[in-house]
Amino acid sequence: MGRRSGYPQGDRRGRLSAGAKREAGERGPATRAVEAGRREEWTWPVVNPPVWRGSTHLYRDSAELAKGRPNEDGQFYYGRRGSPTQWALSEALTELEPGAHGTLLYPSGVAAIAGALLGVLQAGDVLLMTDNAYEPSRAMADRLLAPMGISTRYFDPLDVDGFAAQFCDRTRAVLLEAPGSLTMELCDVPALAAVAHGREALVLIDNTWAGPLGFPAFRRGCDISIMALTKHVGGHSDLMMGSVSAADPALYDQLRVKAQLLGQVVSPDDAALALRGLRTMPLRLARSAQSALAVAQWLRGRDEVAHVLCPMLPGAPGHDLWARDFSGGCGLFSFVLRGRSPADRARLIDALELFGIGYSWGGFESLAIPFEPNRARSATSWPPPGWDAADRLGIRLAIGLEDPEDLVHDLARGFAAMERE
Ligand SMILES: *Cc1c(COP(=O)(O)O)cnc(C)c1O
């Protein structure tokens with residue numbers, strides 16, 4: 001391989017590296033998703049950055065080798081520090097997240113959560129975690145962090161006073177999720193963040209549900225925003241990836257060094273897939289959110305349904321906070337059957353033809369899964385206080401890009417099957 005003179009080192013438009021923002025702040029989210037991360041020196045003359053597969057990056061001479069800057073974004077060093085394909089994705093995510101300084105990529109959403117927590121916590125620290133966190137986040141706290149001497153306390157996301165009372169001198173970070181996994185409770189992020197900052201704790205949020213287009217995490221008081229790119233950014237159920245963005249440059253550097261120490265890197269092929277998904281994300285999110293709202297409204301009118309847990313739905317739990325703090329949502333929500341048995345619920349789900357039965361979400365296809373939140377709750381109870389105790393069997397729907405009328409028909413078929421023994 002020869003020495004290339006057109007090596008895309010640095011930024012010939014004179015822009016800064018990580019977190020450098022174009023004058024794109026005024027543009028709409030769809031425009032920003034189209035523009036984001038498309039630096040000419042990474043893409044030109046094609047539209048998308050080529051897939052730079054590479055472990056070794058060659059240097060022209062010893063002097064260039066000596067100048068190697070492993071801790072500067074956008075500089076070749078070695079494959080583990082990425083190439084323009086990964087840098088373009090990182091930069092695109094930074095540009096989409098208002099107030100972000102930089103974004104790190106991880107091979108899954110769970111790896112991103114682990115990267116963020118290990119990036120800010122050390123032995124002796126205490127973490128406060130929302131009780132409705134994604135179940136693997138709880139497993140991480142209990143089985144990875146605890147043996148390392150980092151303890152976790154769980155809090156009721158709807159009880160700001162109870163949250164404040166949980167802090168101790170060693171509380172170093174808080175992990176939020178809004179809305180929470182499965183049960184979809186929406187917490188008051190700015191209020192919880194203000195309490196945490198008063199106690200000098202960092203606020204991390206798993207922002208996978210709304211993403212930066214629907215929930216500008218840094219503008220709502222968070223310090224670190226985590227996303228499973230597997231969901232909306234990938235968008236086609238064929239990719240695993242996660243990201244961590246930070247607003248503060250020093251915090252970003254701290255997270256980057258930890259990610260490097262852990263050897264985290266994503267493949268350029270996957271980064272290219274994620275970039276492809278990113279361009280259509282605003283369209284897909286708008287469409288699936290709109291369809292989800294239509295399906296949620298229809299479910300609310302069904303006798304078989306006791307509760308629709310969809311913060312985007314007027315009158316549903318959390319809707320006021322959603323309307324105040326969010327500018328978008330997505331196709332993911334849950335509902336709870338009135339009474340009924342697990343066998344009834346299984347008949348309903350098994351009769352669905354358009355909804356796949358499976359984990360994950362954010363793809364183009366609709367999914368349905370039954371859920372039992374009890375095993376993943378310790379600070380709250382299920383069913384919540386005030387509900388009829390018989391109304392406890394939940395189903396989570398991920399609404400995809402099908403025609404919503406067809407999805408409603410499919411659910412009606414499910415309800416009919418539930419009546420047949
Ligand atoms: C799916 C999911 C994750 C984890 O993402 P993976 O890429 O599957 O590891 C994290 N948080 C939430 C809220 C999720 O739904």
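Student: Which of the 14 residues around the ligand come nearest?

Tutor: This is a predicted model, in which local features need pLDDT of at least 70, side-chain atom pairs count only at pLDDT 80 or more, and totals for chains, interfaces and linings use all residues. Residues are numbered from 1 along each chain as its sequence is written, and side-chain values use heavy atoms, with hydrogens and water left out. A residue is near the ligand if one of its heavy atoms lies within 4 Å of it. Those that come nearest are Gly109, Val110, Asp206, Thr230 and Lys231.

Student: Which residue places a polar side-chain atom 2.8 Å from an oxygen atom of the ligand?

Tutor: At Gly109, a polar backbone atom is 2.8 Å from a ligand oxygen, and at Val110 a backbone N or O atom lies 2.9 Å from one. The polar side-chain atom at 2.8 Å belongs to Lys231.

Student: How much of the ligand's exposed area does the protein bury?

Tutor: Accessible areas come from the Shrake-Rupley method with a 1.4 Å probe. Taken alone, the ligand exposes 380 Å². Of that area, the protein buries 92%.

Student: Which helix gives the most residues to the shell around the ligand?

Tutor: Helices are DSSP runs (H or I, at least four residues), numbered from the N terminus. The helix that gives the most covers residues 109-120 and supplies three residues. It is helix H5.

Student: Is Thr43 buried or exposed?

Tutor: Thr43 lies in helix H2, residues 40-43. Buried means under 20% relative accessible area, exposed over 50%, and partly exposed in between (1.4 Å probe, protein chains only). Because its relative accessibility is 5%, Thr43 counts as buried.

Key. Helix = DSSP H or I, 4+ residues; strand = E, 2+ residues; numbered from the N terminus. Polar contact = N/O pair within 3.5 Å; in protein donor to acceptor, adjacent residues only side chain to side chain.
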